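Subject: Structure for you to look at

Hello,

Here is the structure I said I would pass on. Please open it first, then read the notes below it.

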Amino acid sequence: MAREFRTVGVVGLGTMGAGIVEVFARNGVDVLAVEINEAALERGRSTLTGSTDRAVAKGKLSPEDRDALQSRITFAVGLEALDDVDLVIEAVPEKLELKRQIFGELDRICKPAAILATNTSSLSVTEISVATHRPNQVIGIHFFNPAPVMKLVEIIRTVVTSPEVVADVEALCTRLGKVDVTINDRAGFIANALLFGYLNHAVSMYEAKYASREDIDAAMKLGCGLPMGPLALMDLIGVDTAYEILDTMYRRGGRDRRHAPVPLIKQMVTAGLLGRKSGRGFYTYEKPGSPVVV
Ligand code: 3HC
C-alpha cells in the first residue's frame, strides 16, 4: 500500500518553493512552509497570497476554497519545525554546499521514516543524499515553473534510492494531479538537459545582436508553437537560476560547450538583472503584468 503523506515540509519559499507549497495545499495536503528568517517568510507568504488571490479574482478558485487552501499552510522560521513531517522538499538556491548542509540538518531533525527530497534543477542528488545517514530515503522531486501550472514532475532516483520510496513519490505526484517521469541522476535530468542548450543559444544570438529580443521570442513562440519565447522564459526562470543551472550542467556534463553560460548571462546576474523577480531582465516588468518594452 502506498505511503500516506499527511504533512509535508517545504524548505525555501522563493519562486519554486512558494509554488510547491501551493500545489500541496491545493490538493488537500497540510504543508509546513519554512524559511530562514522572518523577512524571507513574509516574501514567501505574499507570493502565495498573490497567487491564490489572482485565482479568486479570475473566478478559478472560490474564496472559501482559497481560505481552506491557506488554512492548510503553516509558516515557520527554522528547520526545527519539521520534526514530524512525512516528506520534506528542499527548494533553496542551487548551491551544493548549502543543500548538503540543509540535508545534514534535516537528517538530524526529521523522524527516521521521513523522505527527504530536493527540488534541485541540475545538482547531483547523490552528492546531496550522502550528507545524510539515510541516502536510500533521499530522492529528487523536480517541479517546473510555475509549479501550480506545469504538469510535469521529474523524479530522480540515485543508485541507492529505495524502490518503495520511488513508488510512494510517484503515487504522490499522481495525487497532486501531475504527470511524473522517473530518471537516474544525471546533470539536468531530462527537460533541463534539453532546454538549457537552447536557452543559452538564444542569449548568444541576442548578445551578438543577430536579432532583437522580440524577434527571437516571436520566432519561437509563433514559429514553433511554444507558450513563450526563450528570453521571456529566461526572465521567468530567473537569470541567476539559469546561470547556476548552465554552469552546473557545463561542469557536470563533460564541459559541453552548448552549456557554457554565454558572458551576457553572468553580466546580467552581477548587475542584478534577474528577470521577473527583480523587475528587470531581458525585459522590464511592471508588477504584476506582462513585459513592458524599454
Ligand atoms: N502561479 C500560479 N499560476 C500561474 C502563474 C504562477 N506564477 N503564472 C500563470 N499562472 C496561471 C494563470 O493564472 C492562468 O491560469 P488559468 O488558465 O486557470 O486562468 C494560466 O497559468 C495561464 O496564465 P496566463 O493566462 O497569465 O498566461 P499564459 O497563458 O501566457 O501562461 C505560462 C503563462 C503558464 C507561464 C505559459 O507562458 C507557459 O507555460 N510558459 C512556459 C513555462 C515553462 O516553460 N516552464 C518551464 C521552465 S524550466 C523550469 O521550470 C525548470 C527549472 O529547473 C528552472
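**Domains, ligand and cores**

The C-alpha centres of domain 1 and domain 2 lie 25 Å apart. Please keep in mind that this is a predicted model. The domain assignment puts domain 1 at residues 7-184 and domain 2 at residues 192-282. Where the two meet, 7 residues of domain 1 are in contact with 11 residues of domain 2. On the domain 1 side of this meeting, 5 residues are polar, 1 is nonpolar and 1 is charged.

Next, the ligand. Where does it lie with respect to the two domains? It lies between them, because domain 1 and domain 2 both give residues to the shell around it. There are 19 residues around the ligand, and those that come nearest are S121, F144, N145, P146 and P227. By type, the shell has 10 nonpolar, 6 polar and 3 charged residues. Helices α2 (38-57), α7 (191-207) and α9 (230-237) each supply at least two residues of this shell.

Last, the cores. In soluble globular proteins, nonpolar side chains tend to be buried together. Here the largest nonpolar core has 51 residues, and V10, I20, V21, V31, V88 and I139 touch the most other members. Helix α1 (residues 15-26) gives the most to this core, with 7 residues. Another core, of 26 residues, lies apart from it and includes L199, A232, A242 and V269.

To see one residue of the largest core in detail, select V88. Leaving aside neighbours within four places in sequence, V88 is in contact with G9, V11, L82, L106, C110, A114, L116 and A117.

Regards

Terms used: Residues are numbered from 1 along each chain as its sequence is written. This is a predicted model: local features need pLDDT of at least 70, side-chain atom pairs count only at pLDDT 80 or more; totals for chains, interfaces and linings use all residues. A residue is near a molecule or strand if its C-beta atom, placed from the backbone, lies within 6 Å of it. Helices (H or I, at least four residues) and strands (E, at least two) are DSSP runs, numbered from the N terminus. Ala, Val, Leu, Ile, Met, Phe, Trp, Tyr, Cys and Pro count as nonpolar, Asp, Glu, Lys and Arg as charged, and the others, Gly among them, as polar. Domain bounds come from an automatic or database domain assignment. A nonpolar core is a set of buried Ala, Val, Leu, Ile, Met, Phe, Trp, Tyr and Cys residues joined through C-beta atoms within 7 Å. A residue is buried if 20 or more other C-beta atoms lie within 10 Å of its own, exposed if 12 or fewer, and partly exposed in between; C-beta atoms are placed from the backbone.
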